[in-house]
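User: Hi! I'm new to this one and would love a friendly walk through it. Could you show it to me?

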Amino acid sequence: MIANSSISVRLASIRDLKAIWAIEEASYATPWPRETFFVDITLNADAKYFVAVIDGRIVGFIGGWFKEGALHIVNVATDPRYRRMGVARHLMTFLLGLAGDLKVDRAFLEVRRSNTAAEELYESLGFEVSSVKEMYYPDNLEDALVMTKELKDADSRN
């Protein structure tokens with residue numbers, strides 16, 4: 001585990017695309033196209049992407065779409081050399097905190113049924129399985145678990 005104080009999080013920029021893509025490619029059998037990240041970071045007003053940095057090196061990223069009172073966490077990945085060190089947890093906590101500041105009511109994401117490590121992380125952050133999207137992932141037709149977290153004090157922030 002890396003001390004949270006040694007992980008900084010900042011808004012992703014176009015200059016970070018190469019590092020984001022490298023982490024994406026190392027993390028997923030079927031990575032998102034580079035163009036998706038470019039569009040989200042530069043043109044999608046609903047999207048916010050952030051990078052985790054340790055000693056000047058980008059070691060992870062997270063992306064979310066803020067729309068209609070909800071946060072859809074669309075991607076989170078950590079450089080394989082920094083996994084199991086708290087980077088993804090730090091990014092998730094950061095984005096959930098931002099969602100709270102923006103008065104978002106709930107957060108949700110999809111995770112492969114076989115990705116038990118990610119599922120355990122999300123559960124530890126208060127997410128619960130709310131539904132299943134059958135044959136969601138096109139590379140192997142694996143189901144996705146939809147996990148949702150109601151953000152606390154949504155009514156008191158109005």
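Analyst: Happy to. A residue here is called buried when its relative accessible area is under 20%, exposed when over 50%, and partly exposed in between. Keep in mind that this is a predicted model.

User: Okay, let's try that out. Is Arg81 buried or exposed?

Analyst: Arg81 has a relative accessibility of 54%, and the cut-off for exposed is over 50%, so Arg81 counts as exposed.

User: And which residue does Arg81 form a salt bridge with?

Analyst: With Asp79: their side chains meet in a salt bridge, N to O, at 2.7 Å. Asp79 has a relative accessible area of 6%, so Asp79 is buried.

User: What network are these two part of?

Analyst: Salt bridges with shared partners join Arg57, Asp79 and Arg81 into one network. As background, side chains of opposite charge can pair when their charged atoms come close.

User: How many salt bridges are there?

Analyst: The count comes to seven salt bridges. Another of them pairs Glu110 with Lys133, with the closest N and O atoms 3.1 Å apart. Glu110 sits in strand S5 (residues 106-112) and Lys133 in strand S6 (residues 128-133), so this pair ties together parts that are 23 residues apart in sequence.

User: Are Glu110 and Lys133 buried or exposed?

Analyst: Glu110 is buried, at 16% relative accessibility. Lys133 is partly exposed, at 32%.

User: Which residue does Asp139 pair with?

Analyst: Asp139 meets Arg112 in a salt bridge of 3.0 Å, N to O. This pair links distant parts of the chain, 27 residues apart: Asp139 is in the loop between S6 and strand S7 (144-150), while Arg112 is in strand S5. Asp139 itself is partly exposed, with 35% relative accessibility.

User: Switching to helices. Which residues of H1 are buried?

Analyst: In helix H1 (residues 17-27), the buried ones are Leu17, Ile20, Trp21, Ile23 and Glu24. They span an arc of only 165° around the axis, so they lie on the same side of H1.

User: Why would residues spaced like that point the same way?

Analyst: An α-helix has 3.6 residues a turn, so residues three or four places apart point the same way.

User: What covers the buried residues of H1?

Analyst: The cover includes helix H2 (34-42) and the strands S2 (47-54), S3 (57-67) and S4 (70-78).

User: Tell me about H1 and H2. At what angle do their axes cross?

Analyst: They cross at roughly 135°, and the axes come within 10 Å. That angle makes H1 oblique to H2, and the crossing is right-handed. At the contact, Leu17, Ile20, Trp21 and Glu24 from H1 meet Arg34, Phe37, Phe38 and Ile41 from H2.

User: Now H4. Which of its residues are buried?

Analyst: Ala118, Glu119, Leu121 and Tyr122 are buried in helix H4 (residues 116-124). Their arc around the axis is only 160°, which puts them on the same side of H4. Covering them are, among others, S4, helix H3 (87-101), S5, S6 and S7.

User: And what comes just after H4?

Analyst: Gly126, which takes a positive phi of about 100°.

User: Last one: where is Arg84?

Analyst: Arg84 is in the loop between S4 and H3, and Arg84 is exposed at 71% relative accessibility. The C-alpha atoms of Arg84 and Ala107 are 23 Å apart, and these residues are separated by 23 residues along the chain.

How values were computed. Residues are numbered from 1 along each chain as its sequence is written. This is a predicted model: local features need pLDDT of at least 70, side-chain atom pairs count only at pLDDT 80 or more; totals for chains, interfaces and linings use all residues. Side-chain values use heavy atoms; hydrogens and water are left out. Buried means under 20% relative accessible area, exposed over 50%, partly exposed in between (1.4 Å probe, protein chains only). Helices (H or I, at least four residues) and strands (E, at least two) are DSSP runs, numbered from the N terminus. The arc is that of the directions from the helix axis to the C-beta atoms. Contact means heavy atoms within 4.5 Å. A salt bridge is a side-chain nitrogen of Lys or Arg within 4 Å of a carboxyl oxygen of Asp or Glu. Axes are lines fitted to C-alpha atoms, for helices over the stretch in contact, and angles run from 0 to 180 degrees between N-to-C directions. Angles under 35 degrees count as roughly parallel, over 145 as roughly antiparallel, 65 to 115 as roughly perpendicular and the rest as oblique. A crossing is left-handed if the near helix is turned anticlockwise from the far one by less than a right angle, and right-handed if clockwise.
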